[in-house]
Amino acid sequence: MRIPKPLLPGDTVAVIGISGCIHDDDAFHLVQESVQKLTALGYKVKVDPTCWARHGYLSGTDEARAAALNRAFADDSVDGVWCVKGGWGCLRLMELIDWDVIRAHPKAFIGYSDITTIHSAMHQLCDLCTFHGPMPKTDRFDGASLDSLLHAITGQPDRELINPDGTALRCLRPGVA
């Protein structure tokens, strides 16, 4: 499996909408808040218009959403790709994604929920390690989940596993993995 280069403060992330739309009349403002969260982490941000687009319940047509993903991976000035939110609709993109571009330009890809479809395909078709992690539009863009994600995407060495609430870890089934 190919591990993308670490995504460090000062690097550029593309924020894209490839799933559900932001269900709010002021989607542009909410996207700007998402950008502020990422810039506070030290990243430069390129925002794709799919982040505030609305096509029914999706963040653009299937073609527009797939094109946003393809552009973000093809853009050599972009170091990582962060999905603004999940929802539904990624499965509809499979035939429209340029998997050769992703293979040729491996980079950190971050999201969860519906984005899992893309994670699975990138693993199977591109042999690329991707990251399940909080998305900037969500209310969960802080705490232990964000700390763990930042640890992983910045290429830091392995660390001790801990439960977010501090309770001790316990073995449910012993064995070797």
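Which residues are buried in H4? I started my notebook with this helix, keeping in mind that the model is predicted. I found that Ile118, His119, Ala121, Met122 and Cys126 are the buried residues of H4. I then looked up what lies over them, and the cover includes H2, H3, strand S4 (108–111) and strand S5 (131–132). Just past the helix I noted Asp127, which follows H4 and has a positive phi, near 55°.

**Entry on the cores.** I turned next to the nonpolar packing, where the largest core has 26 residues, and where Ile18, Leu69 and Phe109 have the most contacts inside it. The elements that give two or more residues to this core are strand S1 (12–16), helix H2 (62–74), strand S3 (80–83), helix H3 (99–104) and helix H4 (116–126). Helix H2 provides the largest share of the core, namely five residues. I also recorded another core lying apart from this one, with 21 residues that include Leu30, Tyr43, Trp82 and Ile153.

**Entry on Ile18.** Which residues is Ile18 in contact with, once its neighbours within four places in sequence are left aside? I listed Ser59, Arg65, Leu69, Cys83, Cys90, Leu93, Phe109, Ile115 and Ile118 as the contacts of Ile18. Of these partners, I had already met Leu69 and Phe109 among the core residues with the most contacts, and Ile118 among the buried residues of H4.

**Entry on Trp88.** I located Trp88 in the loop between S3 and H3. Is Trp88 exposed, partly exposed or buried? Trp88 counts as partly exposed, because its relative accessible area of 46% falls between the limits of 20% and 50%. Not counting residues up to four places away in sequence, I found Trp88 touching Ser19, Gly20, Tyr57, Leu58 and Asp114. For Asp114, which is 26 residues from Trp88 along the chain, I noted a C-alpha separation of 5.4 Å.

**Entry on the cysteines.** I checked for disulfides and the count came to zero. Cys21 takes part in no disulfide, and the nearest cysteine sulfur to its own, in Cys51, is 12 Å away. Cys21 is nevertheless buried, with a relative accessible area of 0%. Why is the sulfur of Cys90 not in a bond with the closest cysteine sulfur, in Cys83? The two sulfurs are 6.6 Å apart, which is too far for a bond, because a disulfide requires them within 2.5 Å. Cys90, too, is buried, with a relative accessible area of 0%.

**Entry on the salt bridges.** I counted seven salt bridges, and I followed some of them residue by residue. Lys5 forms one with Asp11, where the closest N and O atoms are 3.4 Å apart, and another with Asp79, where the corresponding distance is 3.5 Å. The pair of Lys5 and Asp79 links distant parts of the chain, with Lys5 in the segment before S1 and Asp79 in the loop between H2 and S3, 74 residues apart. I therefore wrote down Lys5, Asp11 and Asp79 as a linked network of salt bridges. Within this network Lys5 is partly exposed at 44% relative accessible area, whereas Asp11 counts as buried at 15% and Asp79 counts as buried at 17%.

I closed with Asp48 and Arg71, whose side chains meet in a salt bridge at 2.6 Å, N to O. This pair also links distant parts of the chain, since Asp48 sits in the loop between strand S2 (44–47) and H2, while Arg71 is in helix H2, 23 residues apart. Asp48 is buried, with a relative accessible area of 10%, and Arg71 is partly exposed, with 44%.

Key
Residues are numbered from 1 along each chain as its sequence is written. This is a predicted model: local features need pLDDT of at least 70, side-chain atom pairs count only at pLDDT 80 or more; totals for chains, interfaces and linings use all residues. Side-chain values use heavy atoms; hydrogens and water are left out. A nonpolar core is a set of buried Ala, Val, Leu, Ile, Met, Phe, Trp, Tyr and Cys residues joined through side-chain atoms within 4.5 Å. Buried means under 20% relative accessible area, exposed over 50%, partly exposed in between (1.4 Å probe, protein chains only). Helices (H or I, at least four residues) and strands (E, at least two) are DSSP runs, numbered from the N terminus. Contact means heavy atoms within 4.5 Å. A salt bridge is a side-chain nitrogen of Lys or Arg within 4 Å of a carboxyl oxygen of Asp or Glu.
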